[in-house]
Amino acid sequence: MESQQFTELLRPCCRHEQCRSATWISLIATQIYGGASYEKKNRVLCPCWIGEDPDNGTCDSMQAWHIDKGTIDGADMTGRTVAMVCEIPGNVLKGGFRVKVYIDDGASDPQQAALLEVYSGKQGGPVAELAKLVGEVVSVERVPITFTVDQGHGMLKIAEVGLAELEPYRGPTGAITTLTDTIFSTVPGAPVFVGKATRYVSKNPDLGHDLDISGFNALQSTFVFDG
């Protein structure tokens, strides 16, 4: 029997049945997400996460999943990172994303193939629910990726094409502000730490991205996926 277990603050998100797959997946991963509307209006929380339309009709986003520890079919994936830069044409729940996929250049050919099997949705589970929203994969590239998270602060750098830095919001006790029970999530089943990007850069002309901005939506989360 397969299981899906999500750590830190737990929340139900995707209400699908658990998948059944020939591949055994056990991943503990950390994720960073950043996004901005074309006219730079998503200053606080991205409307996508609550199922609303982007402030200016479209949204440009960047996200990555860094595997802190885990295996796919027994193959070690510890330290690997998968990133996506997305053009979201409208309401996030309607899908139709155009994406560029980046795998960190430390990945071997077999590791890249296994990660793409999972993150393309071919192995089912909560990741497949996210993959269903992708309408076109523009390219898949293996490049240097830097991914760091420390006490809610995060940084993602994808070669020379993307940069997202996260500074978290905090509550009155100093605890990091969290977002739960949202209709959309890039980490289905897990909560996210809410923050702003002190800097957000996306230089992806294939997606119409030429951004170098600050003070926009950014989120970070940790989750576990056993399948």
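W49 and F184 are both buried in this predicted model. Their rings form an edge-to-face aromatic pair, with 5.7 Å between the centres and 75° between the planes. W49 belongs to the loop between β1 (25–37) and β2 (59–72), and F184 to the loop between β10 (178–179) and β11 (192–204), so the contact ties together parts that are 135 residues apart in sequence. The points below take up the other aromatic pair, strand β8 and its partners, the surroundings of D60, the second largest pocket, and two aspartates with positive phi.

**Aromatic pairs**

- A search of the whole structure finds two aromatic pairs.
- Besides W49 and F184, the rings of W65 and Y119 form a pair; their centres are 5.1 Å apart and their planes stand at 40°, so this pair is tilted.
- W65 lies in strand β2 and Y119 in helix α1 (residues 109–119), so that distant parts of the chain, 54 residues apart, are linked.
- Both W65 and Y119 are buried.

**Strand β8 and its partners**

- In a regular strand, side chains alternate between the two faces of the sheet.
- Strand β8 (residues 153–158) shows this alternation: G154, L156 and I158 are buried and point to one face, whereas H153, M155 and K157 point to the other face and are not buried.
- β8 pairs with strand β7 (residues 145–150) in the antiparallel sense, over six bridges.
- Strand β9 (residues 162–168) also runs antiparallel to β8, and five bridges join the two.
- K157 has a partner on each strand: T146 stands opposite K157, and L163 is the bridge partner of K157 in β9.
- A hairpin is formed by β8 and β9, with three residues between them.
- Within that turn, A159 has a positive phi of about 45°.

**Surroundings of D60**

- D60 is placed in strand β2.
- With a relative accessibility of 6%, D60 counts as buried, because buried means under 20%.
- The side chains of D60 and H209 are joined by a polar contact of 3.1 Å.
- The C-alpha atoms of D60 and C86 are 5.8 Å apart, although 26 residues separate D60 and C86 in sequence.

**Second largest pocket**

- The volume of the second largest pocket is about 180 Å³.
- Its lining residues are V82, M84, V99, V101, L116, Y119, S120, A131, V134, V137 and V140. Among them is Y119, the residue of helix α1 that also pairs with W65.
- At least two lining residues come from each of β4 (81–88), β5 (97–104), α1 and β6 (134–143).
- β6 contributes the most to the lining, with three residues.
- By residue class, the lining comprises 10 nonpolar residues, one polar residue and no charged residue.

**Aspartates with positive phi**

- Most residues other than glycine have a negative phi.
- D73 has a positive phi, near 55°, and lies in the loop between β2 and β3 (75–76).
- At 52% relative accessibility, D73 counts as exposed.
- D181 likewise has a positive phi, near 55°, and is found in the loop between β10 and β11.
- D181 counts as exposed, at 53% relative accessibility.
- The loop between β10 and β11 thus holds exposed D181 as well as F184, which is buried.

Notes
Residues are numbered from 1 along each chain as its sequence is written. This is a predicted model: local features need pLDDT of at least 70, side-chain atom pairs count only at pLDDT 80 or more; totals for chains, interfaces and linings use all residues. Side-chain values use heavy atoms; hydrogens and water are left out. Buried means under 20% relative accessible area, exposed over 50%, partly exposed in between (1.4 Å probe, protein chains only). Helices (H or I, at least four residues) and strands (E, at least two) are DSSP runs, numbered from the N terminus. Two strands pair if DSSP finds at least two bridges between them. Rings of Phe, Tyr and Trp (its six-membered ring) pair if their centres lie within 6.5 Å; planes under 30 degrees apart count as stacked, over 60 as edge-to-face and the rest as tilted. A polar contact is a pair of N or O atoms within 3.5 Å; within protein, one must be able to donate a hydrogen and the other to accept it, and residues adjacent in sequence count only if both atoms are side-chain atoms. On a 1 Å grid over the protein atoms alone, a cavity is a set of points where a 1.4 Å probe fits but cannot get out, and a pocket is an open set with protein on both sides within 12 Å along at least five of seven lines; lining residues have an atom within 4 Å of a point. Grid points are joined across faces, edges and corners, and a volume is the space filled by probe spheres set on the points. Ala, Val, Leu, Ile, Met, Phe, Trp, Tyr, Cys and Pro count as nonpolar, Asp, Glu, Lys and Arg as charged, and the others, Gly among them, as polar.
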